[in-house]
Amino acid sequence: MSRAGLAVNVVAYQCAWLACVLGAAAQKPGIGMMVVLAAILWHLRCAVNPRRELVLIAIAALCGAAFETLLAASGWMRSEAATLAGIPPLWLVAL
């Protein structure tokens with residue numbers, strides 16, 4: 001990936017993060033999820049090996065979900081938006 005591509009990737013990630021946080025705060029988490037999806041699709045389009053990148057994204061999402069679930073279960077974090085069985089909401093995993 002070129003330097004310009006890397007810079008766009010970093011900016012897209014920051015925009016996606018902000019959209020998730022602000023969308024959740026406004027009770028509209030779908031907005032953040034759409035921005036995350038757009039950032040992921042752009043990243044995969046620019047990646048040398050998109051299949052490998054998709055696997056890494058899936059692993060990161062699973063690790064994030066597991067970590068957030070452990071934080072909630074241990075009492076270190078409380079979220080009003082927690083879904084069934086203490087599983088964190090998708091916007092939080094997308095962060």
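**Figure 1. Val-93 and its contacts in helix 4.** In this predicted model, Val-93 is part of helix 4. Setting aside residues up to four places away in sequence, Val-93 touches Ala-61, Ala-65 and Pro-88. One of these partners, Ala-65, sits 28 residues away from Val-93 along the chain, yet the two C-alpha atoms are separated by just 5.4 Å.

**Figure 2. The largest nonpolar core.** Eight residues make up this core, and you can pick them out one by one: Ala-12, Ala-16, Cys-20, Ala-24, Val-36, Ala-39, Trp-91 and Leu-92. Helix 1, helix 2 (29-46) and helix 4 (90-94) each put in at least two of them. Helix 1 gives the largest share, with 4 residues. Look along the helix 1 members and you'll see Ala-12, Ala-16, Cys-20 and Ala-24. An α-helix has 3.6 residues a turn, so residues three or four places apart point the same way.

**Figure 3. A nonpolar patch on the surface.** Which residues make the nonpolar surface patch of about 410 Å²? They are Tyr-13, Trp-17, Leu-18 and Leu-22. Trp-17 belongs to helix 1, which runs over residues 3-25. Is Trp-17 buried or exposed? Neither label quite fits: Trp-17 counts as partly exposed because its relative accessible area is 37%, and the partly exposed class lies between the 20% and 50% cut-offs.

**Figure 4. His-43 and the residues around it.** His-43 lies in helix 2. With a relative accessibility of 16%, His-43 counts as buried, since the cut-off for that label is under 20%. If you leave out neighbours within four places in sequence, His-43 is in contact with Met-1, Asn-9, Glu-53 and Ile-57. Leu-6 is shown too, with its C-alpha atom 9.5 Å from that of His-43 and their positions 37 residues apart along the chain. Leu-6 lies in helix 1 and is partly exposed, with a relative accessible area of 47%.

**Figure 5. Gln-27 in the loop between helix 1 and helix 2.** Here's a spot to check if you like backbone angles: Gln-27 has a phi near 60°, a positive value in a residue other than glycine. Gln-27 is placed in the loop that links helix 1 to helix 2. As for its side, Gln-27 counts as exposed because its relative accessibility is 68%, and the exposed label starts over 50%.

**Figure 6. Helix 3 and the glycine after it.** Helix 3 covers residues 50-74, which makes 25 residues. From its first C-alpha to its last, helix 3 reaches 36 Å, close to the 36 Å expected at 1.5 Å a residue. Next comes Gly-75, and its phi is positive as well, near 90°.

**Figure 7. The whole chain, for context.** How many helices and strands does the chain have? There are 4 helices and 0 strands, and the order along the sequence reads α-α-α-α. Of the 95 residues in the chain, 22% are buried. The accessible surface comes to about 6,900 Å², with 72% of that belonging to carbon and sulfur atoms. Among contacts with a separation of 6 or more, 42% join residues 24 or more positions apart. Val-93 and Ala-65 from the opening view, 28 residues apart along the chain, make one such pair, as Val-93 touches Ala-65.

Technical notes. Residues are numbered from 1 along each chain as its sequence is written. This is a predicted model: local features need pLDDT of at least 70, side-chain atom pairs count only at pLDDT 80 or more; totals for chains, interfaces and linings use all residues. Side-chain values use heavy atoms; hydrogens and water are left out. Patches are made of residues with over 30% relative accessible area and no salt bridge: like charges are joined within 9 Å, nonpolar side chains (Val, Leu, Ile, Met, Phe, Trp, Tyr) within 5 Å. Accessible areas come from the Shrake-Rupley method with a 1.4 Å probe; for residues, only the protein chains shown count as cover. A salt bridge is a side-chain nitrogen of Lys or Arg within 4 Å of a carboxyl oxygen of Asp or Glu. Helices (H or I, at least four residues) and strands (E, at least two) are DSSP runs, numbered from the N terminus. Buried means under 20% relative accessible area, exposed over 50%, partly exposed in between (1.4 Å probe, protein chains only). A nonpolar core is a set of buried Ala, Val, Leu, Ile, Met, Phe, Trp, Tyr and Cys residues joined through side-chain atoms within 4.5 Å. Contact means heavy atoms within 4.5 Å. The expected span of a helix is 1.5 Å times one less than its number of residues.
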